[in-house]
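Me: I'm new to this structure and would love a close look at a single part of it. Could you take your time and walk me through what surrounds that part?

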Amino acid sequence: MSTLTPAKPEAARVSAAPVRTVLRGPTRVLLRLHRRVLWGAGTVSLVAIVGMVAVALGADRVAADFAATGCTLSSTAESCFGPARVYTDHMLDLDRLLGYVGLALLALPAVMGAFVAGPLIAREWESGSIKLSWTQSSRPSVWLVTRLAVPAALVVCGITALSAVHVWAQGRIKDPFPAIWYDLSYFGASGTVPAAAALMALAVGALAGLVLRRTVPAMAVSLFVSGLVATALVRLRDSMWPTTRDTFTPGSDYVWPDRAAVVEWGYMTSGGDRLSSNICADPSVDFEVCLSEHGGTTGYLEYHPASHYWPLQLVETGVLLALAALAVYAAFRVLRRLHG
């Protein structure tokens, strides 16, 4: 017994070593195999960040130059018309550039999901290298975990950095084009939604690669599904959180809330029936008479105030993460069926 006792710690150390290094080998191989794509993506991301910083600094310089003229956008002096126009033109151009970056951030998760579906997973099935990987390198489950975890870590870090810089740069353009929180190129490229959308797209890409096992079809399906989910969420976004309703007397001096995302507005009858907002929009008819003939008594406005930004963000994030979890679960089920 005394001769066997010292061997137990050594055996434990030997058996524990593969556990600690089980992901190290496949991760290193994956990073080395796709190092050119990674370097290219990193370079593009760095260029985008530098470009957004340059836009923000350019906006500060344009604002400073305009302030140095002593004019404001509300100035009525004729001498201020020229500087004000130059200022607004430059700010509009810078705002458009950031808008294009925001749209690119919306498309980035789908692109990365297609990369996982095609070059990362389906291509190994087409080339037959998957069998060699499973017999000599790692177990199937480890193989799939590596191809999910490594891109997820890199993409989430990258897209979070890009999103943060984009929000910061957009905040530098305040007047006359302040950021609109519910705008498509801002909402979907800020907050927690971009990272969640990236995880969902990566999971969908992995599932498509395992199901189809052909590079081009897997990439096409991944792009289609990711785009379909993104489109559906945009259409359903207004209904993801209860709206705020205001009522007012038609023709009164009611002012719509500032920075509100209007969902619906119109008129209501005394019985609570809703009437369209353009029911009496014809300029050839008397508005009050027309509204009275239709029984309209009260105007209503349903909207999301700016305070609903984070509730909407978190609900959409939860939906995306749930879809990602379902896709990952399905991917492991498909892998188990394929591996037997």
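Which residues does S163 touch, not counting residues up to four places away in sequence?

Reply: Happy to help! This is a predicted model, in which local features need pLDDT of at least 70 and side-chain atom pairs count only at pLDDT 80 or more, while totals for chains, interfaces and linings use all residues. Residues are numbered from 1 along each chain as its sequence is written, and side-chain values use heavy atoms, with hydrogens and water left out.

Leaving aside residues up to four places away in sequence, S163 touches L105, A189, S190, G191 and P194; contact here means heavy atoms within 4.5 Å. S163 sits in helix α6, where helices are DSSP runs of H or I with at least four residues, strands are runs of E with at least two, and both are numbered from the N terminus. With a relative accessible area of 5%, S163 is buried. Buried means under 20% relative accessible area, exposed means over 50%, and partly exposed is in between, using a 1.4 Å probe and protein chains only.

Now for the helix itself. Helix α6 covers residues 140–172 and packs with helix α4, residues 81–127, at an angle of about 175°, with their axes 11 Å apart. Axes are lines fitted to C-alpha atoms, for helices over the stretch in contact, and angles run from 0 to 180 degrees between N-to-C directions. That angle makes α4 roughly antiparallel to α6, a label for angles over 145 degrees. By class, the contact of α4 with α6 has 17 nonpolar, four polar and three charged residues. Ala, Val, Leu, Ile, Met, Phe, Trp, Tyr, Cys and Pro count as nonpolar, Asp, Glu, Lys and Arg as charged, and the others, Gly among them, as polar.

Both helices also appear in the largest nonpolar core, since α3 (35–68), α4 and α6 are the elements that give two or more residues to this core. A nonpolar core is a set of buried Ala, Val, Leu, Ile, Met, Phe, Trp, Tyr and Cys residues joined through side-chain atoms within 4.5 Å. This core has 20 residues, and those with the most contacts inside it are M52, M91, L98 and I173. Take M52: not counting residues up to four places away in sequence, M52 touches L98, V101, L162, V165, H166 and A169. There is also a second, separate core of 19 residues, including L30, I130, A198 and L335.

Key:
Parallel < 35°, antiparallel > 145°, perpendicular 65-115°, else oblique.
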